[in-house]
Amino acid sequence: MTFATRMGRVASSATLKVTAEADRLRRQGIDIVDLGAGEPDFPTPEHVKAAGHTAIDENFTKYTPSAGIPELREAVCQRYRADYGIDTRPDEVIITAGGKQALFNAAIALFEQGDEVITHTPCWPSIPQQITLAGAEPVFVQTHAEDGFAIHAEPILAAITNRTKAIVLNSPCNPTGALISEEALAALADTAASRGLWIVLDLTYEKLIYERVAHNLPRVLHDRLRDRSILCGATSKAYAMTGWRCGWAVGPKEAIAQLNVVQGHATSNVTSITQKAAVAALTGPQDAVASMLSEYRTRRDRVWEWLTEDPRFTCVKPRGAFYLFAYVAEALAPAGVRSSAELAEALLRDAHVAVTAGEGFEAPGYLRLSYATSIDRLKEGVTRIHALVRARERTGARS
Ligand SMILES: Cc1ncc(COP(=O)(O)O)c(C=O)c1O
């Protein structure tokens, strides 16, 4: 069979693959500890679910405008006004099927063959894949465990060439939990302004930051690069709404109109019912967000302690999101495997623990463990991981 040549340049989602394989084993009755999932284990808050029910009961089940209902576009503006003090108008917002579609629409609308688009690694796999699907070339700037994978401006600035079209940033970052500072973003924004570059900022985990830290990135871009920046967010992680599929992009109205052209020919509007639920999420009480964050913080601290009890697993304490990104190179030889991808396979097959290998994030030698699961399951998962390495070390097992 022949497919478009672009398909030869992209790979399927590593994170979705782990979920699918874990599901398959679970259906066989196997007790899987799932640390692969990139989604909250909490239910969607009650008032949000109720808004979805009401939408169905009131027959709000037809097409909506492709860019979203005005009420929801306004709700995003209100949220950003309350959280970041920035003023945006509904025509500067498009509602998308998750943060993923916001980023995808932006990639298709902005990038093309011949363009270079800079992003930082380790990174969420869809960022470079979307750049590639748009025909452009991702340029990777590495961040380093030694300083917590902090996203610095200098190496990104050094990677700019006369082919650079844009910089895509993700803060808090999946998989590292690192943040970009306001100062670093300001430096990038100023250069982007003078060189005519776009900045696309993925804020999918914006509500999941553990310390009190200045992270008003929307304000920085609004002040310095308003007409060439796109902010992408979602209800998915903050409000435990991954399955509802709701996100948004905020940017200059001409750009948002272009993103809407892409969306109008791809999927049209986000599910009408979801849109009503998202209005409730964004405008209703925010206490569920705070209590989930507090629970994630407890889990982060516990699972970090447990995992690093074995010195062959080293790990930066993440500042945001809900993943441990553990360096496991020292555990590979004892476990009788050659790569973190093989270790992840062995863990799923033999210890029934689902984790995601660093290879998917442009970071071989690492495993990503999601702590969006209960403390008991986290303890069980880490116990199984350590036990597999120790048992193989004892028996000299080979995978
Ligand atoms: C960094 C990052 N950006 C965007 C997304 C997209 O999220 P969604 O489309 O589910 O809102 C994810 C999901 O895992 C992510 O990790």
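Here is a short exchange on how the labels for this predicted model are reached.

Me: Why is Asn 59 called exposed?
Reply: Its relative accessible area is 56%. Exposed means over 50%. Asn 59 is above that cut-off, so the label is exposed. Asn 59 sits in the loop between helix H2 (46-57) and helix H3 (70-84).

Me: What makes the phi of Asn 59 worth listing?
Reply: Phi of Asn 59 is positive, about 60°, although Asn 59 is not a glycine.

Me: What about His 352: which backbone angle stands out there?
Reply: Phi again. It is near 55° in His 352, a positive value in a residue other than glycine. His 352 lies in the loop between helix H13 (340-351) and strand S11 (353-354).

Me: Why is His 352 counted as partly exposed?
Reply: His 352 has 25% relative accessibility. Buried needs under 20%, and exposed needs over 50%. The 25% of His 352 falls in between, so it counts as partly exposed.

Me: Why does Gly 196 count as partly exposed?
Reply: The relative accessible area of Gly 196 is 36%. That lies between the 20% and 50% limits, so Gly 196 is partly exposed. Its place is the loop between helix H7 (182-195) and strand S6 (198-202).

Me: How far is Gly 196 from Ala 67, in sequence and in space?
Reply: They are 129 residues apart in sequence. In space the C-alpha to C-alpha distance is 26 Å.

Me: Why is Pro 45 called buried?
Reply: Pro 45 has a relative accessible area of 11%. Buried means under 20%. Pro 45 meets that limit, so it is buried. Pro 45 is in the loop between strand S1 (33-34) and H2. From Pro 45 to Tyr 210 it is 165 residues in sequence and 21 Å in space, C-alpha to C-alpha.

Me: What makes Glu 116 buried?
Reply: Its relative accessible area, 10%, is under 20%, so Glu 116 is buried. Glu 116 belongs to strand S3 (residues 116-121).

Me: How do you know that the side chains of Glu 116 and Thr 161 make a polar contact?
Reply: The distance between these side chains is 2.7 Å. The limit for a pair of N or O atoms is 3.5 Å, with one atom able to donate a hydrogen and the other to accept it. The pair of Glu 116 and Thr 161 is listed as such a contact.

Me: Which peptide bonds ending at Pro 172 and Pro 175 are cis?
Reply: The bond from Ser 171 to Pro 172 is cis, with omega near -5°. The bond from Asn 174 to Pro 175 is cis too, with omega near 20°. Pro 172 is in the loop between strand S5 (164-170) and H7. Pro 175 is also placed in the loop between S5 and H7.

Me: Which residues are closest to the ligand?
Reply: Gly 99, Asn 174, Asp 202, Ser 236 and Lys 237. They belong to a set of 13 residues around the ligand. Helix H4 (residues 98-110) gives the largest share of this shell, three residues. By kind, the shell holds three nonpolar, six polar and four charged residues.

Me: How do you know that Asp 202, Lys 100 and Arg 245 make polar contacts with the ligand?
Reply: Set each distance against the 3.5 Å limit for N or O atoms. A ligand nitrogen is 2.5 Å from a side-chain N or O atom of Asp 202. A ligand oxygen is 3.0 Å from a polar backbone atom of Lys 100. A polar side-chain atom of Arg 245 is 2.8 Å from an oxygen of the ligand. Taken alone, the ligand exposes 390 Å², and the protein buries 93% of that.

Me: What makes a space in this protein a cavity, and how many are found?
Reply: A 1.4 Å probe must fit but be unable to get out. Three cavities of 30 Å³ or more turn up in the whole structure. The largest has a volume of about 100 Å³.

Me: What lines the largest cavity?
Reply: Its lining includes Thr 88, Glu 92, His 222, Arg 226 and Val 250. Helix H8 (217-224) and strand S7 (229-234) each supply at least two residues. H8 gives the most, with three. The lining divides into five nonpolar, four polar and two charged residues.

Definitions and conventions
Residues are numbered from 1 along each chain as its sequence is written. This is a predicted model: local features need pLDDT of at least 70, side-chain atom pairs count only at pLDDT 80 or more; totals for chains, interfaces and linings use all residues. Side-chain values use heavy atoms; hydrogens and water are left out. On a 1 Å grid over the protein atoms alone, a cavity is a set of points where a 1.4 Å probe fits but cannot get out, and a pocket is an open set with protein on both sides within 12 Å along at least five of seven lines; lining residues have an atom within 4 Å of a point. Grid points are joined across faces, edges and corners, and a volume is the space filled by probe spheres set on the points. Helices (H or I, at least four residues) and strands (E, at least two) are DSSP runs, numbered from the N terminus. Ala, Val, Leu, Ile, Met, Phe, Trp, Tyr, Cys and Pro count as nonpolar, Asp, Glu, Lys and Arg as charged, and the others, Gly among them, as polar. Buried means under 20% relative accessible area, exposed over 50%, partly exposed in between (1.4 Å probe, protein chains only). A residue is near a molecule or strand if one of its heavy atoms lies within 4 Å of it. Accessible areas come from the Shrake-Rupley method with a 1.4 Å probe; for residues, only the protein chains shown count as cover.
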